[in-house]
Amino acid sequence: MILGRITGSVVSTIHHPIVEGRKLLVAERLDPTGHATGGYVIALDAVGAGQGETVLILDEGNGARQILDDADAPVRAIVVGIVDAVDLERS
Amino acid sequence: MLLGRVIGTVVPALLVDELAATPLLWIQPLDQAGRPEGDPLVCADGTRMAGPGQTIYWVASREAALTLDPSFVPVDDAIVGLVDEVRLYPPEDLP
């Protein structure tokens, strides 16, 4: 899983049936200290994440298909958690 | 999934049977603000609705094949849906 921050959403009328009724979120990728790495991902929402929230994103197809309970879902990235805090051991 | 823009179509002279009826489109990958990022690639279009100029979102690898029916087909990248609008929150509204 990766850390991300919700920076927006995608509006899509024509799509694969798996997207129907689900929210598509734009999330920028974060490093462990909470800084944007420059990358992003469009992920389906499984937890109700909103604007600016730090989230856990599963970026793996088989896990995403298990969450969606659909063995044929063409989805890899899915928001699976909302992060309260990340504690890093000081080195 | 990532954003992309359709920049052209690909017309194959010969193609494996499983992909015979699938449109193939040139895609320019975009960053989240809609700026071109990276090299263009060819996507299969399972929606059969995308055309040049259209913003789309696409997926790679095994998930790309799963957008098509039948899904056991040799594709790398495929379009999952068409983008009407990307709504980015103003940076000052993000924590």
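Which of the 47 residues in the largest nonpolar core touch the most other members? In this predicted model, they are A:A27, A:I42, A:A43, B:M1, B:Y57, B:W58 and B:A78. The chain that gives the most to this core through a single strand is chain A, whose strand β3 (residues 36-45) supplies five residues. In soluble globular proteins, nonpolar side chains tend to be buried together.

**Overall form of chain B**

Chain B contains six strands and one helix. Read from the N terminus, its elements follow the order β-β-β-β-α-β-β. Taken along the principal axes, the box filled by the C-alpha atoms of chain B is roughly 50 × 25 × 20 Å. The chain has 95 residues, of which 35% count as buried. Contacts in chain B between residues at least 6 apart in sequence include many that reach further: 52% of them join residues at least 24 apart.

One member of the core, B:W58, illustrates such packing. Leaving aside residues up to four places away in sequence, B:W58 touches B:M1, B:L2, B:G4, B:I27, B:C43, B:D77, B:A78, B:I79 and B:V80. Among these neighbours, B:M1 and B:A78 are themselves listed with B:W58 as residues that touch the most other members of the core.

**Strand pairing**

Strands pair within chain B and also between the two chains, as the table shows.

| Strands | Sense | Bridges |
|---|---|---|
| β2 (residues 24-29) and β3 (residues 41-45) of chain B | antiparallel | four bridges |
| β3(B) and β5(B) | parallel | two bridges |
| β1 (residues 2-11) of chain A and β6(B) | antiparallel | four bridges |

Particular residues mark these pairings. B:L24 stands opposite B:A44 in β3(B). The bridge partner of B:D45 in β5(B) is B:I79, a residue that B:W58 also touches. Across the two chains, A:S9 stands opposite B:R87 in β6(B).

**Contact between the chains**

How many residues of chain B are in contact with chain A? There are 28, and they meet 26 residues of chain A. On the side of chain B that touches chain A, at least two residues come from each of β1 (2-10), β4 (55-60), α1 (61-66), β5 (77-82) and β6 (85-88). Of these elements, β6(B) gives the most, with four residues. The residues on this side comprise 15 nonpolar, six polar and seven charged. Strand β6(B) thus appears twice in the account of the two chains: it contributes four residues to the side that touches chain A, and it pairs with strand β1 of chain A over four bridges.

Terms used. Residues numbered from 1 in each chain as written. Chains lettered and ligands numbered in written order. Predicted model: local features only at pLDDT ≥ 70, side-chain atom pairs only at ≥ 80, totals over all residues. Buried ≥ 20, exposed ≤ 12 C-beta atoms within 10 Å, placed from the backbone. Contact = placed C-beta atoms within 7 Å. Core = buried A, V, L, I, M, F, W, Y, C linked by C-beta atoms within 7 Å. Nonpolar A, V, L, I, M, F, W, Y, C, P; charged D, E, K, R; others polar. Pairing = 2+ DSSP bridges.
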